[in-house]
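Opened the notebook for a new entry. I want to go through the fold, the surface, the pocket and the charged pairs, in that order.

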Amino acid sequence: YTATLVSRHDLANIRLSEISVDNAIVEAIGKPAIYDKVQNGIAVKVIEAKYRITPLREGRITIPSMIIQGGIPVRGSRFGSLLDDELDPFGMFRDFDRFGAFGVTKLEPFSVASDEITLEVKPPVAGVNPWLPATSIEISENFDDSQTLKVGEPITRSFMVVAEGVASRQLPSLEVQQNKADGFRVYADNPITEDDVKGGIVASWRQENYTLIPPHA
């Protein structure tokens, strides 16, 4: 879910409302992105916030309106306190000299809201357990073939699970399988995970590293 604010004006004191969806988990994906672009030949400022919404049950869910509030600078005598970081968390309140020698006196408040969205959540496919609704998933191992097996000397195994359509927290752990390695003491590092959004699709990966020590010949 992406909320985008586009403005032809400098902005300040921007506040985004929290999103809460019944029977779903809502997670912000990183911090809001702030950038400039040209739209229909006019320079505009853009704030873009992305969220990952995971439904927890089938049926209808409603994503409420996202409300964005803030202020637009108005011409007048210079008022330096408006430049405080507390009033400008997104760093978009700047370059006021172009308003002229008088600078800015106040902020004209504004509030805009997106449309409410209703979705119909499909049930999981029957008989699939565990349910991992990825559009693609791959696993690979990085193993150094030059490692030699000697009593008491460790070797390492490194696995990478890459998926699209699911978050990294949904990717399965391989630790139970590694602990079944017969004749080895197995030590697991903390897994490394990451999430991203590419072309509107959630992409994720999970890396797991293990140290195996043979206790006998």
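Below are my notes, one topic at a time.

**Fold.** First reminder to self: this is a predicted model. I looked up the secondary structure and got 14 strands and one helix. Then I checked contacts with a separation of 6 or more: 77% of them are between residues 24 or more positions apart.

**Burial and surface.** I asked how much of the protein counts as buried, and the figure is 27% of the 217 residues. The exposed area comes to about 14100 Å², with 50% of it supplied by carbon and sulfur atoms. I also noted a nonpolar surface patch of about 270 Å², made by Val-125, Val-128 and Trp-131. I placed Val-125 in the loop that runs between strand S9 (117-121) and strand S10 (136-142).

**Pocket.** Next I pulled up the largest pocket, which has a volume of about 860 Å³. Its lining has 30 residues, and those closest to the centre are Arg-52, Ile-53, Thr-54, Pro-55 and Gly-165. Which elements give two or more residues to the lining? I found strand S5 (42-55), strand S6 (59-63), S9 and strand S14 (201-213). S5 gives the most, with six residues.

**Salt bridges.** My search of the whole structure turned up eight. I went through three of them.

- Lys-45 pairs with Asp-10, and their closest N and O atoms are 3.5 Å apart. I see Lys-45 in strand S5 and Asp-10 in the loop between strand S1 (2-7) and strand S2 (12-16), so this pair links parts of the chain 35 residues apart. Buried or exposed, I wondered? Both Lys-45 and Asp-10 are buried.
- Arg-60 pairs with Glu-120, again with 3.5 Å between the closest N and O atoms. Because Arg-60 lies in strand S6 and Glu-120 in strand S9, the pair ties together parts 60 residues apart in sequence. Here I have Arg-60 as exposed, and Glu-120 as exposed too.
- Arg-157 pairs with Glu-141, the closest N and O atoms being 2.7 Å apart. Arg-157 is in strand S11 (residues 155-164) and Glu-141 in strand S10, with their positions 16 residues apart in the chain. I put Arg-157 down as partly exposed because its relative accessibility is 25%. Glu-141, at 35%, also counts as partly exposed.

**Network.** Last look-up: salt bridges that share partners join Glu-27, Arg-52, Arg-169 and Asp-195 into one network. I flagged Arg-52 here, since I had already listed Arg-52 among the residues closest to the centre of the largest pocket.

Technical notes. Residues are numbered from 1 along each chain as its sequence is written. This is a predicted model: local features need pLDDT of at least 70, side-chain atom pairs count only at pLDDT 80 or more; totals for chains, interfaces and linings use all residues. Side-chain values use heavy atoms; hydrogens and water are left out. Helices (H or I, at least four residues) and strands (E, at least two) are DSSP runs, numbered from the N terminus. Buried means under 20% relative accessible area, exposed over 50%, partly exposed in between (1.4 Å probe, protein chains only). Contact means heavy atoms within 4.5 Å. Accessible areas come from the Shrake-Rupley method with a 1.4 Å probe; for residues, only the protein chains shown count as cover. Patches are made of residues with over 30% relative accessible area and no salt bridge: like charges are joined within 9 Å, nonpolar side chains (Val, Leu, Ile, Met, Phe, Trp, Tyr) within 5 Å. A salt bridge is a side-chain nitrogen of Lys or Arg within 4 Å of a carboxyl oxygen of Asp or Glu. On a 1 Å grid over the protein atoms alone, a cavity is a set of points where a 1.4 Å probe fits but cannot get out, and a pocket is an open set with protein on both sides within 12 Å along at least five of seven lines; lining residues have an atom within 4 Å of a point. Grid points are joined across faces, edges and corners, and a volume is the space filled by probe spheres set on the points.
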